[in-house]
Amino acid sequence: MEEHDHHNQNNTGKRITELPLGVIENIFLRLPVKSLMILSCVCREWNSLIQNRVFIEQHMKRATPRLVGTADLVSHPTTTARPFRCTVLTRGYWGFPTWSVRQSLAVRILSVSEGLLVERHFFGDFHLYVVRNPATCKVLALRHPPGEVLGMWLKVFLSTGEAKLLCKYSVLMPGNIREENYAILEIGRDIQIRNTWRLLPNRTAQSLMVSVDQEKMYFIIRVWTAENGFGLRISSFDIRTEETVADYYFPIGVFPDVLELHPFWWDNCLAFGNVTERELQALVLEKQGNQYNWIRKDPILGFLGHLMCKLFVPIEVKSTDLWYHTGINKYCYCMETSRFKECRLLEDGKTFEYRPSLMSLEGMGPASR
């Protein structure tokens with residue numbers, strides 16, 4: 001009988017590499033990110049497979065999702081959660097500028113897309129915006145936005161390996177008036193335009209609604225006509241082309257005052273809520289076949305008795321759960337059982353679904369420890 005040396009690494013490696021590539025790919029899809037990063041150094045063929053965008057997408061879809069909050073510092077069992085470090089120019093002794101390594105005091109997650117996180121790191125007297133992959137420990141520092149940041153939304157395009165970051169910000173104008181604008185940052189493009197904010201034209205004073213999965217973006221515009229008075233136009237926005245895909249007009253006469261309506265999300269569809277002293281009335285923009293229609297939902301009753309209706313602001317509806325806030329706390333109300341399920345501080349912010357990924361953008365490198 002032929003004897004086999006099971007401790008011979010060369011023979012073992014040879015048998016693995018002789019497996020069909022399809023079998024190897026099927027095995028790799030079940031491995032964690034850290035193991036794949038090690039295996040990508042074995043040979044060019046494996047590196048090419050692991051870096052393939054189709055493989056990265058399939059591997060991420062198999063990963064177990066995890067909910068993270070805006071104030072979480074995301075890490076993995078194979079990595080250590082540490083605040084971000086960077087070299088900054090500060091004032092030293094006698095007022096002379098000096099370079100020093102500083103560690104962030106706090107971090108806040110602003111957006112999540114395809115395993116990449118947009119984070120704001122606080123260093124006391126200033127803050128830094130980065131795109132980070134917690135699974136691969138790679139990071140990309142971003143140029144500071146053109147104003148005070150009110151929100152950020154990242155969209156990664158797996159097919160091209162590029163990304164766009166949409167930022168809502170405000171700037172102080174003469175007369176102590178703040179003007180809100182939108183700007184876009186392209187990541188992973190030509191180095192001449194990468195990491196440069198561009199103003200998104202014709203969006204001043206418009207409200208933006210972004211779905212939980214960040215697949216849908218709507219700009220809400222107030223319009224005036226002499227015949228009907230104030231109305232609402234909802235523009236579906238494609239961040240890839242930076243163009244309006246379609247316009248939808250809110251039905252006239254459904255609710256008494258469209259300017260008092262609250263936009264929110266109903267099972268990932270855009271909705272508008274009218275709050276009365278007894279109930280929440282909602283109109284939802286749903287896709288039916290090849291077109292979108294406004295669908296009126298049954299009024300939600302039984303939970304507004306202890307609240308002033310002006311304090312009630314709906315956030316989103318998930319299945320039978322209604323999330324809303326009253327300025328300080330946010331609540332989860334089960335519409336099926338008519339009972340409250342949960343209460344959180346509003347400052348805890350929203351949660352994102354995060355999946356570990358091999359995704360990397362041009363310019364990303366190892367985070368300094």
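Student: Does Glu-286 count as buried or exposed?
Tutor: Use the cut-offs: buried is under 20% relative accessible area, exposed is over 50%, and partly exposed lies in between, with a 1.4 Å probe and protein chains only. Glu-286 has 19% relative accessibility, so Glu-286 counts as buried.

Student: What kind of model is this, and how are residues numbered?
Tutor: Residues are numbered from 1 along each chain as its sequence is written, and side-chain values use heavy atoms, with hydrogens and water left out. Local features need pLDDT of at least 70, side-chain atom pairs count only at pLDDT 80 or more, totals for chains, interfaces and linings use all residues, and the model is predicted.

Student: Which strand holds Glu-286?
Tutor: Strands are DSSP runs of E with at least two residues, helices are runs of H or I with at least four, and both are numbered from the N terminus. Glu-286 falls within residues 279-288, and that run is strand S18.

Student: Which residues does Glu-286 touch, not counting those up to four places away in sequence?
Tutor: Contact means heavy atoms within 4.5 Å. By that rule Glu-286 touches Cys-269, Gln-291, Tyr-292, Asn-293, Ile-295 and Lys-297.

Student: How many salt bridges does a search of the whole structure find?
Tutor: A salt bridge needs a side-chain nitrogen of Lys or Arg within 4 Å of a carboxyl oxygen of Asp or Glu. Searching the whole structure for such bridges gives a count of 13.

Student: How many residues apart in sequence are Arg-198 and Glu-186?
Tutor: Arg-198 and Glu-186 form a salt bridge, with closest N and O atoms 3.1 Å apart. Arg-198 is in strand S11 (residues 197-199) and Glu-186 is in strand S10 (residues 177-187), so the pair ties together parts whose separation in sequence is 12 residues.

Student: In that bridge, which residue is buried?
Tutor: Arg-198 has 31% relative accessibility, so Arg-198 is partly exposed. The partner has a relative accessible area of 9%, and the buried residue is Glu-186.

Student: Which strand holds Asp-321, the partner of Lys-341?
Tutor: Lys-341 and Asp-321 form a salt bridge, with closest N and O atoms 3.0 Å apart. The two lie 20 residues apart, and Lys-341 is in strand S24 (residues 339-345). Lys-341 is exposed at 53%, whereas Asp-321 is buried at 16%. Asp-321 sits within residues 321-325, in strand S22.

Student: Which residues are joined into one network by salt bridges that share partners?
Tutor: Arg-198 and Glu-186 have already appeared as a pair. Bridges with shared partners join the full network: Lys-164, Glu-186, Arg-198 and Glu-242.

Student: What is the N to O distance between Lys-318 and Glu-316?
Tutor: Lys-318 is partly exposed, with 39% relative accessible area. Glu-316 is buried at 16% and lies in strand S21 (residues 313-318). Glu-316 also contacts Asp-321 and Trp-323, among others. The Lys-318 and Glu-316 side chains meet in a salt bridge with an N to O distance of 3.9 Å.

Student: Which ring does Arg-203 lie over?
Tutor: A charge sits over a ring if NZ of Lys or CZ of Arg is within 6 Å of the ring centre and within 35 degrees of the ring normal. Lys-330 does this over Trp-323, at 5.7 Å from the ring centre. Arg-203, at 4.2 Å from its ring centre, lies over the face of Phe-219.

Student: Which residues form the nonpolar surface patch of about 220 Å²?
Tutor: Patch residues have over 30% relative accessible area and no salt bridge; like charges are joined within 9 Å, and nonpolar side chains (Val, Leu, Ile, Met, Phe, Trp, Tyr) within 5 Å. Areas come from the Shrake-Rupley method with a 1.4 Å probe, and for residues only the protein chains shown count as cover. Val-23, one of the members, is partly exposed at 39%. The patch is made by Leu-19, Val-23 and Ile-27.

Student: What is the C-alpha to C-alpha distance between Leu-49 and Glu-25?
Tutor: Leu-49 lies in helix H4 (residues 44-50) and is buried at 11%. Leu-49 touches Glu-25 and Phe-55, among others. Leu-49 and Glu-25 are 24 residues apart in sequence, and in space their C-alpha distance is 7.5 Å.

Student: What value is phi of Asn-268 near?
Tutor: Most residues other than glycine have a negative phi. Asn-268 is found in the loop between S16 and S17. Asp-267 is in that loop too, with a positive phi near 50 degrees. Phi of Asn-268 is also positive, near 65 degrees.
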